[in-house]
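Let's take a walk through a protein model together. Keep the 3D view open and turn it around as you read.

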Amino acid sequence: GHQHSLYLDDQGQLLAAGTNTFGQLGFTGEGTLASLPRQIPAFSKRPIAAVACGEFHSLALSDAGEVYAWGRGNEGQLGAGPSPGTGSPSPASSSCCPFPRFVQKLHGYFCEAVAAGWNCSAAITSEGDLFMWGDNSMGQLGIGDPKVGRSAVPHKVLLPPDEVAAAKAERGQAPLFVGVASGW
């Protein structure tokens with residue numbers, strides 16, 4: 001991240017160190033700085049398979065294919081989505097969340113990879129689908145709608161129809177996403 005790091009050991013335990021100004025370390029109670037890696041309590045009994053750091057937010061992928069997000073969510077990068085039944089952003093979508101939360105919109109998908117950009121997030125499913133959420137001010141979510149400046153809800157990224165048609169004609173199947181990277 002900008003001033004934080006996540007550490008994943010060979011047992012799937014997740015630790016964090018650095019600044020914690022926006023809760024991006026996943027724990028509270030020790031001020032805004034952790035100079036030594038410390039285990040994130042929310043994952044003490046949940047093995048983690050992959051991690052990603054954005055500017056001031058963090059992502060974790062459990063070995064069960066679940067995506068968790070925490071830290072600053074001002075651009076929707078935590079994937080908290082609108083409050084149920086209201087259409088309004090939930091408090092977690094526009095503020096900080098110091099504890100890891102399951103990205104609910106991805107329920108029912110088995111995710112295999114996560115990535116984080118400056119203020120955006122991504123996940124790839126076992127079916128090869130790519131979902132992105134957060135800041136879209138420069139079209140970086142790849143969702144094809146420039147009017148969406150930010151999204152607190154994961155959107156499925158679609159390949160251009162001509163690429164899908166060409167791949168189907170050549171290989172008999174549509175292309176699948178296998179990787180994603182987002183810079184800052």
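Before we count anything, here's a term you'll need: a salt bridge is a side-chain nitrogen of Lys or Arg within 4 Å of a carboxyl oxygen of Asp or Glu. With that rule, the structure holds 4 salt bridges. We'll get to some of them, but let's first ask about confidence.

What you're looking at is a predicted model. Across the protein chain the pLDDT averages 87, and 90% of the residues score at least 70. Where is confidence highest, and where is it lowest? Strand β5, residues 57–62, comes out on top at 98, while helix α1, residues 91–94, sits at the bottom with a mean of 46. Look around there and you'll find that residues 83–93 have a pLDDT below 50, although this stretch has 21 contacts in the model beyond its near neighbours in sequence.

Now find the start of the chain. Strands of a sheet pair through backbone hydrogen bonds, either parallel or antiparallel. Here, an open sheet of 3 strands runs in the order β1-β2-β3, and its pairing is antiparallel. β1 (4–8) and β3 (33–39) are at the edges with a single partner strand each, so one side of each has no neighbour in the sheet. On average, neighbouring strands of this sheet are turned by 10 degrees against each other, direction ignored. Zoom in on β2, residues 14–19: this strand pairs with β3 in the antiparallel sense over 4 bridges. You can spot Thr-19 standing opposite Leu-33 in β3.

Back to the salt bridges. One of them joins the side chains of Arg-46 and Glu-66, at 4.0 Å from N to O. This pair ties together distant parts of the chain, 20 residues apart: Arg-46 lies in the loop between β3 and β4 (48–53), and Glu-66 in the loop between β5 and β6 (67–72). Are these two buried or exposed? Arg-46 is partly exposed, with a relative accessible area of 32%, and Glu-66 is partly exposed too, at 27%.

Next, try Glu-55 and Arg-72, whose closest N and O atoms are 2.6 Å apart in their salt bridge. Glu-55 is in the loop between β4 and β5 and Arg-72 in strand β6, 17 residues apart. Both Glu-55 and Arg-72 are buried, which means under 20% relative accessible area.

Last stop: Asp-129 and Lys-156 meet in a salt bridge of 3.5 Å, N to O. Asp-129 belongs to the loop between β9 (120–125) and β10 (130–135), and Lys-156 to strand β11 (residues 150–157), 27 residues apart. Lys-156 counts as partly exposed, at 42% relative accessibility.

Technical notes. Residues are numbered from 1 along each chain as its sequence is written. This is a predicted model: local features need pLDDT of at least 70, side-chain atom pairs count only at pLDDT 80 or more; totals for chains, interfaces and linings use all residues. Side-chain values use heavy atoms; hydrogens and water are left out. Two strands pair if DSSP finds at least two bridges between them. Helices (H or I, at least four residues) and strands (E, at least two) are DSSP runs, numbered from the N terminus. Axes are lines fitted to C-alpha atoms, for helices over the stretch in contact, and angles run from 0 to 180 degrees between N-to-C directions. pLDDT is the predictor's confidence in each residue, from 0 to 100. Contact means heavy atoms within 4.5 Å. Buried means under 20% relative accessible area, exposed over 50%, partly exposed in between (1.4 Å probe, protein chains only).
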